[in-house]
Amino acid sequence: MERLKAIIIDDELHAREVIEKLLLNYDVPIYILASCPDLISGVAEIKENTPDVLFLDVQMPNHAGYEIVDFLDKIEFEIIFVTAFERYAINAFEINAIDYLLKPIDRFKLDLALKRLIEKINSKQKVLEYHDILKRLRSDRTNKLLIPELNNRRLVDIEDIIALEGDGSYTKIHFIDRNIITASKNLKYFEKKLKNNSAFFRCHRSWLVHIKHVSYFNRSGGQLIMKSGIITRISRRTYDLFENGLNKSFR
């Protein structure tokens, strides 16, 4: 994994130096963004930078470590509390700190805390990646159309479709590269599949067209001439609806 970014907040200089020294010798590279003597300066560093983890002393003059929730709208980093008093652990876990360390800091305990930290960060990253994959899949799905053929299922880009032509129980799908695929579903099936896509218009009982691929509208002849040269039919009763849809698409 990439090196962790840390901020240390402790009013004792010696305590900050000990943590820095221990972190610099840890197996996983840890970059110390800042070492702060009080909560106020630490909060300023947090807002300026984006730490992965905060090593936070609990008992400090003016502001206790767990008061950090009063200064930030969101805690978007992990917290490892450092304290001389174990009773403060209760406060630590109340704000979802991943762990706490007792002073003087034991290297073994620090190793355990860092391992838990890395596991949590990795787990969080996996969740983020999972959601990102789902988001992309949803996005791809809205831009794709699954076409049932006699023995196959074909996934195509919706933007590449010029028009769909009903042919009884089948549908001929015309593409911008002039390729034609015959699907084993009727036109009504595809009309339902594309009902949420405003770029498609049912202009005739036999035709569903992609409005963006229309070149000419021949009102007198009841025809739409598509960019590929395909000529489709359009019912007179849909003339106004078509023109309204055309205007919306190109606003």
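**A three-stranded sheet, a helix and a buried threonine**

Three strands, lined up as β13-β14-β15, make an open sheet with antiparallel pairing; strands here are DSSP runs of E with at least two residues, helices are runs of H or I with at least four, and both are numbered from the N terminus. Two strands pair if DSSP finds at least two bridges between them. β13 (214-218) and β15 are the edge strands, each pairing on one side only. From one strand to the next, the twist averages 25°, taken between axes that are lines fitted to C-alpha atoms (for helices over the stretch in contact), with angles from 0 to 180 degrees between N-to-C directions. Strand β14 (residues 223-226) is tied to its antiparallel partner β15 by 3 bridges. In one of these strand-to-strand links, Q223 has R233 in β15 as its bridge partner.

All of this comes from a predicted model, where local features need pLDDT of at least 70 and side-chain atom pairs count only at pLDDT 80 or more, while totals for chains, interfaces and linings use all residues. Residues are numbered from 1 along each chain as its sequence is written, and side-chain values use heavy atoms, leaving out hydrogens and water.

Zooming out, the chain holds 6 helices and 15 strands. Of its 251 residues, 40% are buried, meaning under 20% relative accessible area (exposed is over 50%, partly exposed in between; 1.4 Å probe, protein chains only). Contact means heavy atoms within 4.5 Å; among contacts in the chain with a separation of 6 or more, 49% are between residues 24 or more positions apart.

Next up is helix α2 (residues 39-48), whose buried residues are L39, G42, V43 and I46. They sit on the same side of α2, because they cover an arc of only 100° around the axis, going by the directions from the helix axis to the C-beta atoms. The buried residues of α2 pack against β1 (4-9), β2 (30-36) and β3 (53-57). Where α2 starts, a side-chain oxygen of D38 comes within 3.3 Å of the backbone nitrogen of I40.

Back towards the end of β15 (231-233), T238 is found in the loop between that strand and α6 (239-249). T238 counts as buried because its relative accessible area is 4%. Neighbours within four places in sequence aside, T238 touches F201, R202 and C203. C203 is itself buried, at a relative accessible area of 0%, and C36 is buried too, at 4%. As for disulfides (pairs of cysteine sulfur atoms within 2.5 Å), the count is 0.

Conventions: Polar contact = N/O pair within 3.5 Å; in protein donor to acceptor, adjacent residues only side chain to side chain.
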